[in-house]
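Got your viewer open? Let's take a short walk and select a few pieces along the way.

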Amino acid sequence: MRTDVRHLTGTTGTTHATGLPAVRTLRNLGILAHVDAGKTTVTERILFLTGTIHKRGEVHEGTAFTDCHPQERERGITISAAAVSCTWDGHRINLIDTPGHVDFADEVERSLRVLDGAVAVFDAVAGVEPQSESVWRQADRHGVPRIAFVNKLDRAGADLDAAVASIRERLHPAPLAVQLPIGCEDGFVGVVDLLTMRALTWDDGPEGDGYREGPVPEGLLAEAGRRRRQLDETVAGLHPGALEEYCEHAALSAATLAGALRDLTRSGEAVVVLCGSAYRNRGIEPLLSAVVAYLPSPLDVPAVRGNPVGTSTGTRDAATAGSGEEERPADPDGPLTALVFKVTVSSTGRLTYLRVYAGTLRQGDTVLDAGSGRTERIARILRVQADRRTEVGTAVAGDIVAVVGVKAARAGATLCAPTAPLVLEPTVAAEPVVTVAVEARRSVDSDRLATALARLAEEDPSLVVRTDPETGQRVLSGLGELHLEVAVERIRREQGLEVSVGRPQVSHRETVGRGVSGLVYRHVKQDGGAGQFAHVVLDVAPLDVDPAGPDGGAVEGFVFASAVTGGRVPREYVQAVEAGCRDALADGPLGGHPVTGLRVTLTDGATHPKDSSDLAFRTAGRLALREALRASRMVLLEPVAEVTVTVPQEAVGAVLGDLAARRGRVQGSAPRGGTAVVTAVVPLAELFGYATGLRSRTQGRGTFTTRPAGYAPAPAAR
């Protein structure tokens, strides 16, 4: 029997400008993956099969629907998170295609903040890759339930079992494979659904729509039965309700198994694993059905929590809920509560992307930016399809939409009803690690450059623009070399500016190699009237380190403790000393870099009945720690990155030699399908221009990925 996909789902490709579906039938999900795992191709096939687009685009041809930025099409990678909407089986799916490159990880972070679920895409040959692990940990931090899709099963060397094993070993959930591939590599034609024990096969038709459902092939019956029994046993061991049925019948019904898989997915105890080949249109329909069946709706996730205006920032984590917090369930009739997660600015205006958590947003409404106290008017509400928009009249709880008319709200801002103000936990931008000096080649373009840089920083909070106080240069900081390269190219293309870029500089840190004990500092100031008096005694020591850690033993952080007894320094003054010490961490004695990786203990002190105050002890803490750092042996730290290089076997020697020349520490090398995968930790400053060098040493066949690995001692401090 041949199944026609569009008839099955009843979709027509409309964007539902009116008649919004119920919150229960809504799914907000992201597509997460390592670069080149096929994430954008999966998104493209989802849009095609749901009738949202009527022609399949390809990443390698620069025609992918969600890669709407010119640089995305040229480079073949996703740079900016793209939001789209589609329908499947009576459910509306708001989908965000996120970048897979580490330099754009902040886009992933901001997207995950507003998502209820995600599909993690893995390469069937490579399994879990470095950025796969990074985005998985990001999803862990936000508590986002996931299902896994092992892609590219038609490639040479594809192995579903190996990919599932890598998920188990490196990501640590219980992977539950619910499909068995039919055929391998180029002969991959379909899957066996282990819940229904039916075979789904696809043809290589010109449109690729539809699949055939039939009995399990004779040669796979025994293996499919074995895997179904193994799946039943594993699920019974994780789910109490399934365990009861399993103990009674030694098997699980399809309905019980599906219900248990849904519960385990939403609790994060397990991850359902599906497989296919997005490029060849195989496995996408079951993936969409799994999204609807297993991932939560806005009603299935914990109600968002926040703090009334005037108190500290709210949080969505129920475990940290305080007495001052307020809960807002996903109720369209409740007070409006929405979070801005993305802003785009162009010559045609400002577009603000937001997730509505509670209430209903209507065109013409006046809303409050709870953080700034500014009111904004919603001129238009748009349903976004990548670079296309359809105007809608309202957005209800659970919706992800874009609005026109908001003038000043930045990513992380809470927009709410003026009569019920609430501040949600904002998104926090990643700390920049790479810096370049940017100058206009013509002095008359200096103001235009400043405006262009400010616009970039408004769109991307991980880009930081500042003026160097010593050189007067405009400095642009970001998360990596590619991140800055893309930003500068946007200025050249969109603004028509000729820009000069200096060599990137990395952000160093300083830490304590050997501290001091019993440093005494007395702050006395008398200039008429009430004076200032504070007496403190500090111990400064490095934090404990793990010499075997990936960053070579360098530790980030600051710990303050008080060992004062007898009330010699009152508690409120202890807090002031800590605040002063934190002030002193902004610039260290070696080169004015931030200081990290130290423990400060207040051991003694004294007060004056009249002249002691919070200000006096804060000043004493700041000056005392600065003096202590000058007396300590300080170590300069530089940012390092974990580099994974995939090269032909014959080029391994040249690549290892080049990594050594770049002060890299090789951590391992392993064969993989005729190539070698080399992992090393390399100083970030040594990676500038590495792509060009790697291409020349491998005749263009080598690839590499990086991810931040903390800080390590710089050569001058070793």
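Here is a tour with two stops, a helix pair and a sheet. Keep in mind that this is a predicted model.

**Stop one: a helix pair**

Start by selecting residues 105-112, which make up helix H4, and add residues 130-142, helix H5. The two pack at an angle of about 30°, and their axes sit 10 Å apart. Angles under 35 degrees count as roughly parallel, so that is how H4 and H5 run relative to each other. Their crossing is right-handed.

Now show side chains where they touch. On the H4 side, pick Ala105, Val108, Glu109 and Leu112; across from them in H5 you'll find Gln131, Val135, Gln138, Ala139, Arg141 and His142. What kinds of residues make up this contact of H4 with H5? It's a mix: 5 nonpolar, 3 polar and 2 charged.

**Stop two: an open sheet**

Next, jump to the sheet with 4 strands, ordered E32-E33-E35-E34, with mixed pairing. Select 516-525 for E32 and 558-562 for E34: these are the edge strands, each pairing on one side only. Neighbouring strands here are turned by 25° against each other on average, ignoring direction.

Then zoom in on E33 (residues 532-542) and E35 (residues 598-606), an antiparallel pair joined by 8 bridges. For one spot to click, try Val540, whose bridge partner in E35 is Val600.

Finally, add the helices on this sheet. Residues 571-584 are helix H13, lying across E33, E34 and E35 and running at about 155° to E34. Residues 614-631 give you helix H14, which touches E32, E33 and E35 and makes about 40° with the direction of E33.

How values were computed. Residues are numbered from 1 along each chain as its sequence is written. This is a predicted model: local features need pLDDT of at least 70, side-chain atom pairs count only at pLDDT 80 or more; totals for chains, interfaces and linings use all residues. Side-chain values use heavy atoms; hydrogens and water are left out. Axes are lines fitted to C-alpha atoms, for helices over the stretch in contact, and angles run from 0 to 180 degrees between N-to-C directions. Angles under 35 degrees count as roughly parallel, over 145 as roughly antiparallel, 65 to 115 as roughly perpendicular and the rest as oblique. A crossing is left-handed if the near helix is turned anticlockwise from the far one by less than a right angle, and right-handed if clockwise. Contact means heavy atoms within 4.5 Å. Ala, Val, Leu, Ile, Met, Phe, Trp, Tyr, Cys and Pro count as nonpolar, Asp, Glu, Lys and Arg as charged, and the others, Gly among them, as polar. Two strands pair if DSSP finds at least two bridges between them.
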